[in-house]
Structures are given as C-alpha cells and as structure tokens.
Amino acid sequence: MKCNKFFLASGLLIASAFFSVSCVNSNRDDKQSDSTETVSAGGGEKSNLPYDLANPVKYNMPQNLFEISGIVFHNGDPKEVFAIQDEDGDLFHLGLTDKESKFTKFGGKGDYEDLTIIKNYFIVLKSNGELHTFPISELSKPEAANVTKTKGLVPKAEYEGLAADEKNNMVYILTKDSKPDSKAKASSIYGFKFGDDASLKPSGEFSLSHKDIEKISGSSKSRFRPSALAKNQKTNEWYVLSSVNKLLVVTDTNFKVKATYPLNPSLFNQPEGIAFDRDNNLYISNEGGTLAAGNILMFKLKK
C-alpha cells in the first residue's frame, strides 16, 4: 500500500513538472510569434509599414528582362515602367501587363545596376560607379545619342543603388560594398546636385549604419549590402533594399535607420529594384530564378 502511494505521488510530481515545462515553451513560442509580426523602430517605438509585403500584385517580365536590375517611373506614372538589366546597355520600357518590351541602346556590354529619372534625363549606374546620362527624348530612337559618360564621380567601390529626389534636384548613389565601408560598418551614400545642364555637383555624404540595422533587425548573420533605394515622397523616408540580406530598411531623410522588415525568399527571389508611383504604391523588382521569370511586385498603399 505504501508503495502504491509512493508511485502515485511520484506520478503527480512528474505530471506537474511536465505541465510547467509545456507552459513555458508555449509562452516562449507565443513571444517569438509576436516578435515577427511587429518590427521595432528606433527609440523603442513600433513602426507599422503601410504595405503588406506578403500580398503583392505580381507582374511577370518578358524574357529580355529576366535579369531586371533597376526600375523607375516618369513623374510616378505607373502606366509605363522603365527598366534595365545587368548585362546589356539597353533601356527598356513597357506597361506592367505587356508581354513584350521596347528598348533603346545607350551603351555596350556592362554590369548595369540601377537607373533614375530627373529633369527629363535618364541616368544609369554601372557597378563601378560610372554614370550614363541622356535625355528622355532619345527614347524614341533605336540607339540614344548625346549620351554623357561620367567616371570618377565617386570613390572606387561596388555600387548598386541610384535614386533621384526631384523636389530637391538631388541624385544619390548608394555603395553596396567597399573596404572603407566594411571597416566602418556602414554603407556610404553620395549626394549630388543636378543642374539644368545635366551636371552633377557634390552636395553631401551620408552614412547608413550597419550596427543600427543589426540592432533593430535583431540579426547580424551577414554584412549588410544594399542593392537599391527610393524615396517615399509622402513621408520623406528612404526605402533601402538588400537582395543579399533579404531585407527592407526604412530611414529618415538623412538615412538614420527607423525600421527594418524581412523579405520572404519565396516571394523575393532576388530583389534588385525599388520605386514608388504617384499614388505612393510600392514596387520591387526581382531577377528571375530557375523556375520563375523576372518580375515586378506591386504593394498597394494601405488606406
């Protein structure tokens, strides 16, 4: 009889311990789940992205834009998107639902990474920091004339991001990787004033802190290497995209990090381009993969 009481008491103790551990694990899972739903911003506040990154409208690109690497709209008009791919010096333009694209040649073979439009000029960025600038009026020709090549404007590095802030007549070039940036744990951004004669004059340098990105995202698995940027004109925030890190970073107007948002690899195969239309909808372009075409994902502004 004593033995039975002993085993009964032992069983109750084991069951109680198991129940306690189960409760702890359950609470831990709930906390982990909650942490993935809201991303912390600087100062401990919560930042709510006005876009649902899990539910895009998807536009597949034609085969000649399989390796789409940059996108932009003229005056924010989404009826026509302008794009480049990273092998040929061709500037493409098409409607988002078009099955074929038109293009104008502006340069030879090369690693072209991004493009922007300012004051009715196209500017295209190569990975070595070289720029190709030409008037929008050249788009009606098979090959653009009056193309200005600019070298030595930025330090030697690898570049992938180019954007214009037309309200302030500014052009920004974003560094993807360099030895100085690696040492400083930051990405350098170079600002230039764009003149009526299409000239570019240095007008400020900025730094995007990798430490701040790691702190806010909670991840330091790999060094931050951005691939594109665009300015949200409604909020005056910069949206910085990283294909390598599968991350979207939101900063203030001076590139101080405010929030970070992870990108689902199943949706974002290789996010290389970013843009806003005049209604402030967000667009992110992806290079194609083994089983997928290059695409542009559109995220409607939450009302």
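**Loops, sheets and a pocket in a predicted model**

Asn169 sits in the loop that links β12 to β13 (170–177). In this predicted model, Asn169 takes a positive phi of about 55°, even though the residue is not a glycine. With a relative accessibility of 24%, Asn169 counts as partly exposed, because that class covers the range between under 20% for buried and over 50% for exposed. A second asparagine, Asn146, also has a positive phi of about 55° without being a glycine. Asn146 belongs to the loop between β10 (131–135) and β11. Here the relative accessibility is 58%, so Asn146 counts as exposed.

One more loop residue deserves a look. Ala157 is placed in the loop between β11 (148–150) and β12. Leaving aside residues up to four places away in sequence, Ala157 touches Ser127, Asn128, Thr175, Asp177 and Ser178. Ala157 and Gly129 are 28 residues apart in sequence, yet their C-alpha atoms are 7.3 Å apart in space.

Now for the overall picture. The protein has three helices and 22 strands. Of its 303 residues, 48% are buried. Taking contacts between residues at least 6 apart in sequence, 48% join residues at least 24 apart.

β12, the strand that follows the Ala157 loop, is part of an open sheet of four strands in the order β12-β13-β14-β15, with antiparallel pairing. The edges of this sheet are β12 (158–165) and β15 (200–209); each has a single partner strand, so one side of each has no neighbour in the sheet. Going from one strand to its neighbour, the turn is 20° on average, direction ignored. Strand β14 (residues 186–194) runs antiparallel to β15, and eight bridges join the two. Lys193 is found opposite Lys201 of β15. Helix α3 (residues 210–217) lies across β14 and β15, at about 40° to β15.

Another open sheet of four strands is ordered β3-β22-β21-β20, and its pairing is antiparallel too. In this case β3 (57–60) and β20 are the edge strands, each with a single partner, so one side of each is left without a neighbour in the sheet. The twist from one strand to the next averages 20°. At the β3 edge, four bridges pair β3 with strand β22 (residues 295–299) in the antiparallel sense. Val57 faces Met298 of β22 across this pairing.

Strand β6 (residues 90–94) offers a simple case of burial. What share of β6 is buried? Five of its five residues are. In a regular strand, side chains alternate between the two faces of the sheet. For β6, Asp90, Phe92 and Leu94 are on one side and Leu91 and His93 on the other, and all of them are buried, which leaves both faces covered. Strand β5 (residues 81–85) pairs with β6 in the antiparallel sense over three bridges, and a hairpin of four residues joins β5 to β6. Ala83 stands opposite Phe92 in this pairing. β6 also pairs with strand β7 (residues 102–105), again antiparallel, over four bridges. There, Asp90 has Lys105 in β7 as its bridge partner.

That leaves the largest pocket, with a volume of about 510 Å³. Its lining counts 25 residues, and Phe73, Ala164, Lys231, Gln233 and Phe276 are the ones nearest its centre. Which strands contribute to the lining? At least two residues come from each of β4 (68–72), β8 (112–118), β12, β16 (228–232) and β20 (271–276). Two of these contributors have come up already as sheet edges: β12 and β20. By residue type, the lining of the largest pocket splits into 13 nonpolar, five polar and seven charged residues.

Key:
Residues numbered from 1 in each chain as written. Predicted model: local features only at pLDDT ≥ 70, side-chain atom pairs only at ≥ 80, totals over all residues. Heavy atoms only, no water. Pairing = 2+ DSSP bridges. Axes fitted to C-alpha atoms, helices over the stretch in contact; angles between N-to-C directions. Contact = heavy atoms within 4.5 Å. Buried < 20%, exposed > 50% of the residue type's maximum accessible area, 1.4 Å probe, protein only. 1 Å grid on protein atoms, 1.4 Å probe; cavity = no way out; pocket = protein on both sides within 12 Å on 5 of 7 lines; lining within 4 Å. Points joined across faces, edges and corners; volume = space filled by probe spheres on them. Nonpolar A, V, L, I, M, F, W, Y, C, P; charged D, E, K, R; others polar.
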